[in-house]
Amino acid sequence: MENATGPVHTPDFAHTDAEVVFGDLGALLLDAGMSVTDVRASLEQVRDATAPEEALAFAVLPQHVLVSRPRTAGATTIGASTGAELTFRQSAHASRLARRLEVGKLSLDQVPAHVERIRGLPRRHPALQWLVGGGLLSTGLAMLFRCPWWAIVLALLVGAVVGAISTLMSRFRPAAAIVPFVASFVSTVLVGAADAWLDLGPVPLFAVCAPIALLVPGALITNALLELTAADIVTGAARLTYGIIMLGFMSAGIFAGGALTGLRIDPDSAALVGQAAGVTADHGGWQALPPLWLSWIGVVFLAIGIGLAFGAGFRLTVVSVLVMTSTYAALVALTPFTGNTVATGIAAALLFVAARLLERVTLAVPATVSFQPAFLLLVPGTVGLVAMTSFDTDALAAAPMIFVSLCIGTKVGALVADAARITHSAPGPEA
């Protein structure tokens with residue numbers, strides 16, 4: 001059995017080389033955050049465009065790509081993921097590479113050099129970017145859900161602390177598994193201690209959830225739902241189980257921190273995007289609520305925080321700001337007429353089609369990069385965490401329905417994109 005974990009450079013491009021290259025490419029796309037369904041579809045399109053004579057079949061698992069030749073005796077080639085997710089900038093280059101192969105702008109023998117270059121793209125000050133990004137993301141969510149001014153300031157500080165904790169603990173492999181619990185516990189203790197010291201009373205839900213939103217496995221759970229609906233049952237179920245376990249660790253950390261500090265959640269605070277406009281308060285000063293228009297600034301902070309934390313770079317961060325403000329506008333406009341559940345599905349469908357259109361115009365903004373950041377406004381992981389934390393009956397009942405709505409909306413968007421023949425982008429400049 002051959003392993004395809006590194007680039008291969010050979011003067012004669014034989015059958016074995018093709019299998020190894022496809023394994024390398026698939027592993028790169030897995031590290032870029034694509035679902036196994038999308039990775040398999042992309043590999044099949046690349047095969048048809050660059051090597052139609054190669055009778056290759058692909059089986060994709062969360063961390064491995066199996067390349068084989070049906071009806072041919074021989075070993076199966078395995079492409080192994082590194083286990084470390086790429087930055088958004090690297091993911092953009094990986095997706096662009098796959099798209100250029102799909103339209104025949106590159107040949108298979110050029111792939112190893114591109115894969116090596118993409119994996120070697122530098123990132124300046126990743127720890128500092130993660131810390132600052134966590135603070136901005138937390139602040140943006142607190143503003144978006146109209147937490148009081150004291151909670152917004154506290155979210156900035158605690159979000160940066162959570163970013164520092166996750167960065168330090170992730171350096172040690174055994175400790176990485178308990179990062180969600182430890183970060184959630186420390187975050188809740190800090191919020192609860194500040195609440196007790198200042199005697200502020202019940203705390204808004206997102207004063208607790210916003211600082212740890214950086215750790216919510218939203219993309220993981222979304223990919224799991226997409227894989228389950230595409231009949232990739234094993235991988236989808238495995239991802240969904242792991243995502244639920246992570247949410248459970250985060251909820252346990254919140255409960256433990258809340259029990260230690262006596263923290264109480266305000267039942268009237270906003271839990272979903274569409275509820276923020278209805279939040280009211282009679283307090284003044286630091287306990288006053290920010291004006292509703294400041295929620296738009298919160299969306300911008302949220303997008304910039306995501307861009308910093310996940311290494312998007314300037315241009316992709318600007319795209320994230322535009323996409324996320326458009327998504328927020330759709331949610332705000334639709335929720336009063338359709339409710340949160342239906343609005344989520346419609347927004348997901350519109351966002352998916354828009355991402356594919358943007359990708360068709362230019363390969364510099366792949367759909368995977370423009371689509372995923374906006375999911376923090378739609379993401380089932382955040383909804384699930386809110387439901388598990390609040391133990392509100394309505395929230396617990398709404399979470400599964402929003403999961404389903406998001407998945408159906410994404411699938412409808414994909415169907416529309418395919419029917420309108422905008423799924424495949426036109427050839428663009430060299431990646």
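How many salt bridges does the count come to in this protein? The count comes to six salt bridges. The model they are taken from is predicted. Three of these pairs are described below, after an outline of the whole chain.

## Overall composition

The protein has 431 residues, and 53% of them are buried. Its secondary structure consists of 17 helices and four strands. Among contacts with a separation of 6 or more, 74% are between residues 24 or more positions apart. The protein exposes about 18700 Å², and carbon and sulfur atoms supply 65% of that area.

## Salt bridges

Side chains of opposite charge can pair when their charged atoms come close. The table gives three salt bridges with the N to O distance of each.

| Residue | Partner | Closest N and O atoms |
|---|---|---|
| Arg69 | Glu19 | 2.4 Å |
| Asp31 | Arg119 | 2.9 Å |
| Asp48 | Arg47 | 3.2 Å |

The salt bridge between Arg69 and Glu19 links distant parts of the chain, with the two positions 50 residues apart in the numbering. Arg69 sits in the loop between β3 and β4, and Glu19 belongs to helix α1, residues 15-31. Arg69 has a relative accessible area of 18% and is therefore buried, the limit being under 20%. Glu19 is also buried, at 8% relative accessibility.

Asp31 and Arg119 meet through their side chains in a salt bridge. This pair too links distant parts of the chain: Asp31 is in helix α1 and Arg119 is in helix α4 (residues 111-119), 88 residues apart. Asp31 is buried at 3% relative accessibility, whereas Arg119 is partly exposed at 29%.

The third pair in the table joins Asp48 to Arg47. Asp48 is partly exposed, with 48% relative accessibility, while Arg47 is buried at 17%.

## Strands β2, β3 and β4

In a regular strand the side chains alternate between the two faces of the sheet. Strand β2 (residues 57-60) shows this alternation: Phe58 and Val60 point to one face and are buried, while Ala57 and Ala59 point to the other face and are not buried.

Strands β2 and β3 run antiparallel and are joined by four bridges. Within this pairing, Ala59 stands opposite Leu66 in β3. The two strands form a hairpin, with three residues between them.

Strand β3 (residues 64-68) also pairs with β4 in the antiparallel sense, over four bridges. One position in this pairing is His64, whose bridge partner in β4 is Ala80. Ala80 is among the buried residues of β4. That strand, residues 77-80, is covered on both faces. Thr77 and Gly79 lie on one side of β4 and Ile78 and Ala80 on the other, and all four are buried.

## Helix α11

Which residues does helix α11 span, and how far does the helix reach from its first C-alpha to its last? Helix α11 runs over residues 233-261, 29 residues in total, and reaches 42 Å between those atoms. This is close to the 42 Å expected at 1.5 Å a residue.

Several glycines of α11 are buried, including Gly236, Gly243, Gly253, Gly257 and Gly258. The buried residues of the helix also include Arg239, Met246, Leu247, Met250 and Ile254. Thr235 and Ser251 are buried as well. The residue that follows α11 is Gly262, which has a positive phi, near 70°.

## Thr37 and its contacts

Thr37 lies in helix α2, residues 36-50. Its relative accessible area is 16%, so Thr37 falls under the 20% limit and counts as buried. With neighbours within four places in sequence left aside, Thr37 is in contact with Leu226, Glu227, Ala230 and Asp232. Ala230 is 193 residues away from Thr37 along the chain, yet their C-alpha atoms are separated by 7.0 Å.

## A nonpolar surface patch

Which residues form a nonpolar patch on the surface? The patch is formed by Trp149, Val153, Leu156, Leu157 and Trp286. Together these residues have about 510 Å² of accessible area. Val153 is found in helix α6, residues 149-170. At a relative accessible area of 40%, Val153 is partly exposed, and this value is over the 30% required of a patch residue.

Conventions:
Residues numbered from 1 in each chain as written. Predicted model: local features only at pLDDT ≥ 70, side-chain atom pairs only at ≥ 80, totals over all residues. Heavy atoms only, no water. Expected span 1.5 Å × (residues − 1). Buried < 20%, exposed > 50% of the residue type's maximum accessible area, 1.4 Å probe, protein only. Pairing = 2+ DSSP bridges. Salt bridge = Lys/Arg side-chain N within 4 Å of Asp/Glu carboxyl O. Contact = heavy atoms within 4.5 Å. Areas by Shrake-Rupley, 256 points an atom, 1.4 Å probe, with all protein chains shown as cover. Patch = residues over 30% accessible without salt bridge, like charges linked within 9 Å, V, L, I, M, F, W, Y side chains within 5 Å.
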